[in-house]
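Got your viewer open and a selection box ready? Let's take a walk through this one, stop by stop.

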Amino acid sequence: MFFTVCSITSSGQKLKYRGFSGGMMIHSGYVSSESYSLINSTGDLVSRHNMHGTPFGIGGSIKIHLSDHFRLGSEGYVSTLSYDNNGSFASVGWGGILADRIWQLDKIAPFIGICIGGGSFKNLTLNSNYGDDYIVESNLSYRKYSFMAVTPFVGMEYAITDKVRLVFKADYLMNVSNFQKDFLRGIRLFAGFSFYRLKD
């Protein structure tokens with residue numbers, strides 16, 4: 001966020017409200033965790049895991065345009081990875097305050113920015129297949145923790161009309177305060193629409 005503000009100041013632009021834009025995106029990509037072990041109450045090894053694969057999720061952002069190039073706003077997403085073929089899954093939700101810099105090149109507009117905020121990670125590991133019943137099972141592990149999130153991103157917008165744009169983005173979610181071995185790291189790829197409402 002700091003580098004974006006500095007780039008505006010150095011170019012002599014004055015910050016002034018010019019309107020806003022916002023929209024929704026779906027995403028996938030490739031993420032993985034470190035290898036980790038699950039143990040029982042007596043300390044015996046139950047299973048080892050190394051999650052990896054293609055997550056799926058949805059979310060969106062809203063951005064206030066403060067110059068021809070600078071935008072400030074917020075975003076939030078949820079991303080889920082299924083693994084191990086037993087119904088196990090890991091889910092991460094994150095969001096925060098974002099700042100980015102955009103360059104308008106005819107219909108194409110590349111941008112680069114960063115989001116700073118927080119997130120919550122959940123990991124449900126099922127060590128065997130479970131029936132769809134009311135029987136309480138014990139051979140599972142559930143973990144949940146929060147963290148501070150820093151997420152750099154790059155992307156591109158394509159103007160369909162003056163008010164509607166296609167958006168493509170890639171980001172890398174970083175856990176900077178409470179890293180755990182089962183935390184999923186990797187590049188996520190986003191695609192969606194953004195709707196513009198700018199002053200003339």
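Start by selecting Ala99 and Ile114: Ala99 stands opposite Ile114, which sits in strand E8. Keep in mind as you click around that you're looking at a predicted model.

Now widen the selection to residues 88-102 and 108-126. Those are strands E7 and E8, running antiparallel and joined by 14 bridges. Five residues lie between the two strands of this hairpin. Pick Asp106, which is in that loop between E7 and E8. Its phi is near 60°, a positive value in a residue other than glycine. Why flag that? Because most residues other than glycine have a negative phi. Is Asp106 buried or exposed? Exposed, because its relative accessibility is 71% and the cut-off is over 50%.

There's a second stop of this kind. Go to Asn85, in the loop between E6 and E7. Asn85 has a positive phi as well, near 65°. With 78% relative accessibility, Asn85 counts as exposed.

Back to E8, this time looking at its other partner. Select residues 140-159 to bring up strand E9, which runs antiparallel to E8 and is joined to it by 19 bridges. For a landmark on this pairing, label Asn123 and Arg143: Asn123 stands opposite Arg143 in E9.

Next, the loop between E8 and E9, where you'll find Asn127. How exposed is Asn127? Partly, because its relative accessible area is 22%, and buried would need under 20%. Draw a C-alpha to C-alpha distance from Asn127 to Ser141: they are 14 residues apart in sequence, and the distance comes out at 8.3 Å. Then show what surrounds Asn127. Beyond its neighbours within four places in sequence, Asn127 is in contact with Leu38, Val46, Ser47, His49, Asn86, Asn139 and Leu140.

Time to go inside. Select Met51, Trp94, Phe121, Phe147, Leu173 and Leu184, the residues with the most contacts inside the largest nonpolar core, which has 27 residues. Which strands supply at least two residues each to this core? Colour E1 (19-32), E2 (36-39), E6 (70-83), E7, E8, E9 and E12 (185-198). E7 gives the largest share, five residues. As background, nonpolar side chains tend to be buried together in soluble globular proteins.

Stay with Met51 and show its contacts, leaving aside neighbours within four places in sequence. The list includes Val31, Tyr36, Leu81, Tyr83, Ala90, Phe121 and Leu184. There are also polar and charged names to label around Met51, among them Ser32, Ser33, Asn123 and Asp182. You've met Asn123 already, as the residue opposite Arg143.

Finally, zoom out to the whole protein chain. How many helices and strands does it have? One helix and 12 strands, and along the sequence the helix comes before the strands. Draw a box around the C-alpha atoms along the principal axes and you get roughly 65 × 30 × 25 Å. Colour by burial, and 42% of the 200 residues count as buried. Turn on the surface: the chain exposes about 10,900 Å², with carbon and sulfur atoms supplying 61% of that. On a contact map, among contacts between residues at least 6 apart in sequence, 65% join residues at least 24 apart. For a last view, colour the charges: the mean positions of the 19 positive and 15 negative ones are 11 Å apart.

Key: Residues numbered from 1 in each chain as written. Predicted model: local features only at pLDDT ≥ 70, side-chain atom pairs only at ≥ 80, totals over all residues. Heavy atoms only, no water. Helix = DSSP H or I, 4+ residues; strand = E, 2+ residues; numbered from the N terminus. Buried < 20%, exposed > 50% of the residue type's maximum accessible area, 1.4 Å probe, protein only. Contact = heavy atoms within 4.5 Å. Areas by Shrake-Rupley, 256 points an atom, 1.4 Å probe, with all protein chains shown as cover. Lys, Arg positive; Asp, Glu negative; His and termini not counted. Charge placed at Lys NZ, Arg CZ, Asp CG, Glu CD. Pairing = 2+ DSSP bridges. Core = buried A, V, L, I, M, F, W, Y, C linked by side-chain atoms within 4.5 Å.
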